[in-house]
Structures are given as C-alpha cells and as structure tokens.
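The exercises below are to be worked with the sequence and the coordinates side by side. Each task is followed by a solution that proceeds step by step.

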Amino acid sequence: MSALFVLGFYVLNIIDANVDGSLLQFNVNDKLSLKPSVSSNSINTSEANFGFTCLYSF
C-alpha cells in the first residue's frame, strides 16, 4: 500500500512539474489580479450576490 502511495505521489509531482513548466512563459505580476467581491441585491435585500472582478491593465 505504501509503494502505491509513493508511486502516486511521484506521478503527481511529475504532473505538477510539467504544468509549472508550461505556465512559466506567462507574465504574472501585480497588474493582473483577481478580487472577490460581495454585493447586495437591490430587489431582495435579504440575499447577497457573489461575484468576482478580474482587473488587468497593460
């Protein structure tokens, strides 16, 4: 059982390294951000609407 766990962990590390390597070419800096926000519903004030804002500038 432990050998299967070690093998599975090793495969997940290989997949993670491949994903990180392929995403290395993208420019990720502070100008690109994802900010969650909660807004109130103007029709029914007892419920809240959940949404997100994706702000990016060049």
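**Exercise 1.** In which loop is Leu23 found?

Solution. This is a predicted model, in which local features need pLDDT of at least 70, side-chain atom pairs count only at pLDDT 80 or more, and totals for chains, interfaces and linings use all residues. Residues are numbered from 1 along each chain as its sequence is written, and side-chain values use heavy atoms, with hydrogens and water left out. Leu23 lies in the loop between H1 and strand E1 (32–40), where helices (H or I, at least four residues) and strands (E, at least two) are DSSP runs numbered from the N terminus. Leu23 counts as partly exposed because its relative accessibility is 47%, the classes being buried under 20% relative accessible area, exposed over 50% and partly exposed in between (1.4 Å probe, protein chains only).

**Exercise 2.** Describe the order of the elements and the confidence assigned to them.

Solution. The protein chain holds one helix and two strands, which follow one another along the sequence as α-β-β. The mean pLDDT, the predictor's confidence in each residue from 0 to 100, is 76 for the chain, and 47% of the residues reach 70 or more. Among the elements, H1 has the highest mean value (94), whereas strand E2 (residues 48–56) has the lowest (62).

**Exercise 3.** Find the aromatic pair and classify its geometry.

Solution. A search of the whole structure yields one aromatic pair. Phe5 and Phe9 form this pair, with 6.4 Å centre to centre and 20° between the planes, and it is stacked; rings of Phe, Tyr and Trp (its six-membered ring) pair if their centres lie within 6.5 Å, and planes under 30 degrees apart count as stacked, over 60 as edge-to-face and the rest as tilted. Both Phe5 and Phe9 belong to helix H1 (residues 2–22), where they are four residues apart, about one turn of the helix. Phe5 and Phe9 are each exposed.

**Exercise 4.** Assign the position and exposure of Ser22, and then locate the backbone atom that its side chain reaches.

Solution. Ser22 is placed in helix H1. Ser22 is partly exposed because its relative accessible area is 40%. Its side chain reaches the backbone oxygen of Val19, at 3.0 Å.

**Exercise 5.** What percentage of the 58 residues in the protein chain is buried?

Solution. Buried residues account for 2% of the 58 residues in the protein chain.

Technical notes. Polar contact = N/O pair within 3.5 Å; in protein donor to acceptor, adjacent residues only side chain to side chain.
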